[in-house]
Amino acid sequence: ALDKGDTVKVEYMKENGVYMICLGLENINTEYKKNVNIDNAVKYLKDVGIYVYLSFIVNPLEIIGKEEGEAFYSRLMDRFFELKPEMVTGNFLMPFKGTGLWDKYYAYVDEDDYKYYDSKSAFLIKNKVVRSKMEFFMFYYQWLYYNSSVYNEMRKFAINDTLHLRFVELYDKFKPQYERMWNVRA
């Protein structure tokens with residue numbers, strides 16, 4: 001449950017024009033202490049009238065293979081449908097020097113990878129076919145959420161909504177790429 005201080009802060013933010021707050025769901029395969037109250041936080045934000053922007057992280061090294069990928073995205077979609085955020089965005093794991101993650105993943109990173117430190121590239125995967133498929137699926141599951149009946153009951157896109165336009169743009173980018181490489185084996 002949220003404590004009194006948290007609710008006062010949220011109400012203060014709402015009174016002062018905050019309309020959306022980004023919460024980190026992080027990696028759905030890992031239990032984080034900070035996510036213990038995420039359900040309560042999302043409910044409270046919605047009750048107050050503040051939209052929820054949910055950010056998640058994909059560790060591509062954990063979802064290699066069809067079964068692992070389907071299990072990961074199935075759990076992620078379940079959380080989307082439970083929390084019903086107004087916006088979601090996925091990011092691939094990017095270990096940074098000086099962090100605990102760097103100590104764990106530095107062997108997978110070389111200087112050439114820094115040009116892919118954009119959170120949308122699965123650069124830890126060196127096989128280009130597998131990497132492209134992972135990048136497509138991260139987009140695809142967000143597309144499924146945005147086009148689901150659950151989402152469309154809570155938020156209707158206006159034709160010029162920038163989030164809608166961005167997803168149409170990404171769909172147009174990924175669809176031909178996906179169709180070309182679907183049957184290519186890595």
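Colleague: In strand 3, which residue is the bridge partner of Ser55?

Modeller: This is a predicted model, in which local features need pLDDT of at least 70 and side-chain atom pairs count only at pLDDT 80 or more, while totals for chains, interfaces and linings use all residues. Residues are numbered from 1 along each chain as its sequence is written, and side-chain values use heavy atoms, with hydrogens and water left out. Strands (E, at least two residues) and helices (H or I, at least four) are DSSP runs, numbered from the N terminus. With that settled, the bridge partner that Ser55 has in strand 3 is Thr89.

Colleague: How many bridges join strand 2 to strand 3?

Modeller: Strand 2 covers residues 51–58 and runs parallel to strand 3, and two strands pair if DSSP finds at least two bridges between them. Another partnership to look for on screen is that of Phe56, whose bridge partner in strand 3 is Gly90. The number of bridges that join strand 2 to strand 3 is six.

Colleague: Which strands stand at the edges of the sheet?

Modeller: The sheet is open and has three strands, which follow the order 1-2-3 with parallel pairing. Each edge strand has a single partner strand, so one of its sides is left without a neighbour in the sheet. The strands in that position are strand 1 (20–26) and strand 3 (87–92).

Colleague: What angle does the direction of helix 2 make with that of strand 1?

Modeller: Within the sheet, neighbouring strands are turned against each other by 25 degrees on average, with direction ignored. Helix 2 (residues 38–48) packs on this sheet and touches both strand 1 and strand 2, where a contact means heavy atoms within 4.5 Å. Axes are lines fitted to C-alpha atoms, for helices over the stretch in contact, and angles between N-to-C directions run from 0 to 180 degrees. For helix 2 and strand 1, the angle is about 165 degrees.

Colleague: Which residue of strand 2 stands opposite Leu23?

Modeller: Strands of a sheet pair through backbone hydrogen bonds, either parallel or antiparallel. Strand 1 and strand 2 pair in the parallel sense, and they do so over six bridges. Opposite Leu23, in strand 2, stands Leu54.

Colleague: Is the β-α-β unit of strand 1, helix 2 and strand 2 right-handed or left-handed?

Modeller: A crossover is right-handed if, with the strands pointing away from the viewer, the path from the first strand over the helix to the second runs clockwise. The unit made by strand 1, helix 2 and strand 2 has this sense, and the crossover from strand 2 through helix 3 to strand 3 is right-handed too. The unit you asked about is right-handed.

Colleague: Which residues of helix 2 are buried?

Modeller: Buried means under 20% relative accessible area, exposed over 50%, and partly exposed in between (1.4 Å probe, protein chains only). The buried residues of helix 2 pack against helix 1 (4–15), strand 1, strand 2 and helix 3, whereas Lys43 and Asp47, on the other side of helix 2, are exposed. The buried ones are Ile38, Ala41, Val42, Tyr44 and Leu45.

Colleague: Which residues are linked with Arg79 in a network of salt bridges?

Modeller: A salt bridge is a side-chain nitrogen of Lys or Arg within 4 Å of a carboxyl oxygen of Asp or Glu, and Arg79 forms one with Asp39, the closest N and O atoms being 3.0 Å apart. This pair links distant parts of the chain, with Arg79 in helix 3 (residues 66–83) and Asp39 in helix 2, 40 residues apart. Arg79 also meets Glu82 in a salt bridge of 2.5 Å, N to O, and these two, being three residues apart in helix 3, are separated by about one helical turn. The residues linked with Arg79 are Asp39 and Glu82.

Colleague: Is Arg79 buried or exposed, and at what relative accessibility?

Modeller: Its partner Asp39 counts as partly exposed, at 36% relative accessibility. In another salt bridge, that of Lys66 and Glu70, Lys66 counts as exposed at 55% and Glu70 as partly exposed at 41%. Arg79 counts as buried, its relative accessibility being 15%.

Colleague: How many helices does the protein have?

Modeller: Read along the sequence, the protein follows the pattern α-β-α-β-α-β-α-α-α-α. Its secondary structure comes to three strands, and the number of helices is seven.
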